[in-house]
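Take a walk through this fold with the model open beside you. The route goes from a sheet to a helix pair.

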Amino acid sequence: MAQVPEYPSKLFFYCEVEPGNGGETPIVLSHVVYEKMKSKYPEFVQRLEKDGLIYTRVLGEEDNPLSAIGRGWKSTFLTSDKSVAEERGAELGMKLEWLEDGVKTIMGPIPAIKSDHIRQRKIWFNSMAAAYTGWEDARNDPKKAVTFGDGSALPAEIIHDCVKILEAESVAVPWKRGDVLLIDNLAVLHSRRPFNPPRRVLASLCK
């Protein structure tokens, strides 16, 4: 929820079917990640604040359960009409470039660092690590999935160190059927760990 210009302030999760194994939801304090990254890589964070990030994905027509991205453009935009998909992408600030067997979606530049005005602090608010290390399939190279706002490549060693910081500072929330989790989207970042099916966790987004 950090790679779109308009994002929810709160997230509700409900576990309808608990995972067979794994599937926890790690959460980490956004301001702690920002402070640690700024302390360790001040020039890198300064550039993120200046230039932001661009996110790029290539989507096929149909969903692909074997892909880390998963969804095709038809289910992403809830239409099979390319012109409607373009309109809905534009509403999100996303540019679409049609390919022979799919579409390239380009989002950004958008801020990678935000201010939490309620708590009066800066926060790490991006999907840089997830995109760089996870958006990989036959159509997508994760190293091209996220770049600086000017289109230049991100430094791999810093991204991988950021992943270590996220993992070290996170708390993994396990799921049992009937569990409810409310997340303040500005206070924490969240992700999902791998799991063995079944798993069905429903989400509701609040502005």
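Two strands pair if DSSP finds at least two bridges between them. Strands themselves are DSSP runs of E, at least two residues long, and helices are runs of H or I, at least four, both numbered from the N terminus. The model is predicted, so local features need pLDDT of at least 70, side-chain atom pairs count only at pLDDT 80 or more, and totals for chains, interfaces and linings use all residues. Residues are numbered from 1 along each chain as its sequence is written, and side-chain values use heavy atoms, without hydrogens and water.

Start with strand 4 (residues 53–60) and strand 6 (residues 102–110). They run antiparallel, joined by seven bridges. Glycine 60 faces glycine 102 of strand 6.

Now move to strand 5. Six bridges tie strand 5 to strand 6, again antiparallel. A hairpin of two residues leads from strand 5 to strand 6. Glutamate 97 has lysine 104, in strand 6, as its bridge partner.

Step back to the whole sheet. Four strands make up this open sheet, ordered 5-6-4-9, with antiparallel pairing. Strand 5 (94–99) and strand 9 (146–148) are the edges; each has a single partner strand, so one side of each lacks a neighbour in the sheet. Neighbouring strands are turned against each other by 20 degrees on average, direction ignored. In a regular strand, side chains alternate between the two faces of the sheet.

Helix 2 (residues 42–51) lies across strand 4, strand 6 and strand 9. Its direction is about 95 degrees from that of strand 9. Such angles run from 0 to 180 degrees between N-to-C directions, and axes are lines fitted to C-alpha atoms, for helices over the stretch in contact.

Next comes a helix pair. Two packed helices are described by the angle between their axes and the distance between the axes. Helix 1 (residues 30–40) packs on helix 7 (residues 156–169) at about 140 degrees, with axes 10 Å apart. The two are therefore oblique. (Under 35 degrees is roughly parallel, over 145 roughly antiparallel, 65 to 115 roughly perpendicular, and the rest oblique.) Helix 1 contributes Val32, Val33, Lys36, Met37 and Lys40 to the contact; helix 7 contributes Ile158, Asp161, Cys162, Ile165, Leu166 and Glu169. Contact means heavy atoms within 4.5 Å.

Finally, the record. An unreviewed UniProt entry annotates residues 5–202 as "domain: TauD/TfdA-like". This span is 31% helix and 33% strand, and its end C-alpha atoms lie 23 Å apart.

Note on methods
UniProt positions are given in the numbering used here, feature names are shortened, and annotations may be inferred rather than shown by experiment.
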